[in-house]
Amino acid sequence: MANSKEKYVAYVSTYTMGDKHGIKIYDVDMKNGRFEEKSEVEITNSSYVTISKNKKYLYSITDFGVESYSILEDGSLQLINFASINGMRGCYLSTDYKDEYLFIAGYHDGKLTVMRLQEDGSIGEITDEIYHKGLGSVAERNFRPHVNCARMTHDNKYLLVADQGMDHVNVYRLDHENGRLQLADILRGDIESAPRHIKISKNGKFIYIVNELACNITVYKYEERNEIPYFDRIQTISTTNRKSLGYSASALTMSEDYQYLLASTPGENTVAVYKADQDTGLLEQRLCLPISGEYPKDAAFFPDNKHIVSLNHTSNTMTFFKVDMEKGTLMMCTKEIKVDLPNCITFFKIKG
C-alpha cells in the first residue's frame, strides 16, 4: 500500500465532443485525496486506457484503432504510433503479462482483436480477429454479441473475454508464438446477467466478474490441471443495497495491494467496497454509499486505500472521498473536478 510521500499521476480517458484532448493527466495529492490538473493529450474518444506490465507504455482506445505512448519520467505521455484494429472503436484493452500482445474488446461489433507489441512499445500487426456469434436473450440491446472486456489469467495462459450480449465469458488459450487464440472453455452466466469487467486476485486463483444487468459480482476459483483450465463458481454478491429495477453495475477495480474490490452502480449512483479474502477469494461488503454524481462509469481507490475517486459520466465530474474500510464510511473530502464524459481512470507511480 502506497504512502502519502510517494508520487503518482492519474490518467483519465474521456469521450471528445468538441474537445480533442481525450486523455487528461493529473498530479495526485495523496495526503488530501485530490487531483491537480497537469496536462492533456490530443486523442479522440479514448474509451479506455491501460498500462503495460513493464510500466513503460500506455495504450489507449481511439476512433478506429489504438494508440501507444511512452510514459515519461514525470508521467507525461509521448505518442509512439497509431494502429488500426480493422473494425469499430473498441471499449477495452489490455496486454498479456510479457507485453507481447494487446487485446482489444469491441462492444459495438462483437469483435475481439489481438495485436502484436514491439519491444519499443509500438503496436504492430493484427495476429488474430474473432467475431463472437450467436443470439442472447432477445430484449433491447442484449440480443447479440457485445465484447466488453479481455484480460489474461495471471499465469499468462488464458484470455478471459466477457460478452455482455451472450451472458458468458469465453476462455481462450493463447499461442504465444503466433498470437492466435483457441477456445478452451466458456463460463456461462445467468440469463441477462451481462458480464462487463473482470479482475483477478493477486495469487491468480480467483476470478471476479461484475455483471451489469444483474448488478452483482460472481467469483470463480481457477486452476489448471493437465493443461486444462477449471473454473468453479463459489460466490455471487450484490453491488447494490436495493432490488429496484433499472440499475446497472459498471466499474470493477481492485486496490493496488489486492486487498479490496470496488464496484459502482449507475442509477443508484453508489460505490460498493468489498474486502477480498486472500485465501478463499470470497468477498465481504464493507460499504455501499452514494458518490455525489450521476452515472459513476468508473471509480477507483487511491494507492493508499484511504481515498476513492468516482468518474461520473453523466454529470461530467470527478468526486473525491475519504474512506474508512473498517468503519464502512465514505466522506467527501474535496471539491469536485469538472471533466466531460469521463470513461476510466488508472494511477501510475512516478519517480520522486
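This report describes the overall build of one protein chain and then three of its loop residues.

The model is predicted.

**The chain as a whole**

The secondary structure consists of strands: 29 of them, with 0 helices. The chain has 352 residues and a radius of gyration of 19 Å. A compact globule with that number of residues would have a radius near 20 Å, so the chain agrees with a compact globule. Along the principal axes, the C-alpha atoms fill a box of roughly 50 × 45 × 40 Å.

How much of the chain is buried? Of the 352 residues, 59% count as buried. The exposed surface comes to about 15200 Å². Carbon and sulfur atoms supply 47% of that surface.

Contacts also link distant parts of the sequence. Take the contacts with a separation of 6 or more: residues 24 or more positions apart account for 49% of them.

The chain carries 41 positive and 48 negative charges. The mean positions of the two sets are 3 Å apart.

**Two residues with positive phi**

Phe64 and Tyr295 each deserve a look at the backbone. Phe64 is not a glycine, yet its phi is positive, at about 70 degrees. Tyr295 is not a glycine either, and its phi is about 60 degrees, also positive.

Where do they sit? Phe64 lies in the loop between β5 (57-62) and β6 (65-71). Tyr295 lies in the loop between β23 (283-290) and β24 (296-301).

Are they buried or exposed? Phe64 has a relative accessible area of 59%, and exposed means over 50%, so Phe64 is exposed. Tyr295 has 28%, which lies between the 20% and 50% cut-offs, so Tyr295 counts as partly exposed.

| Residue | Phi | Relative accessible area |
|---|---|---|
| Phe64 | about 70 degrees | 59% |
| Tyr295 | about 60 degrees | 28% |

**A buried loop residue**

Asn45 is in the loop between β3 (34-41) and β4 (49-51). Its relative accessible area is 12%; buried means under 20%, so Asn45 is buried.

Which side chain does Asn45 meet in a polar contact? The partner is Asp63, and the contact between the two side chains is 3.2 Å.

Asn45 has other neighbours too. Leaving out residues up to four places away in sequence, Asn45 touches Thr14, Tyr15 and Thr16. On the same count, Asn45 also touches Ile61, Thr62, Asp63 and Arg89. Asp63 therefore appears both among the residues touched by Asn45 and as its polar partner.

Methods. Residues numbered from 1 in each chain as written. Predicted model: local features only at pLDDT ≥ 70, side-chain atom pairs only at ≥ 80, totals over all residues. Heavy atoms only, no water. Helix = DSSP H or I, 4+ residues; strand = E, 2+ residues; numbered from the N terminus. Buried < 20%, exposed > 50% of the residue type's maximum accessible area, 1.4 Å probe, protein only. Rg over C-alpha atoms; globule rule 2.2 N^0.38 Å. Contact = heavy atoms within 4.5 Å. Areas by Shrake-Rupley, 256 points an atom, 1.4 Å probe, with all protein chains shown as cover. Lys, Arg positive; Asp, Glu negative; His and termini not counted. Charge placed at Lys NZ, Arg CZ, Asp CG, Glu CD. Polar contact = N/O pair within 3.5 Å; in protein donor to acceptor, adjacent residues only side chain to side chain.
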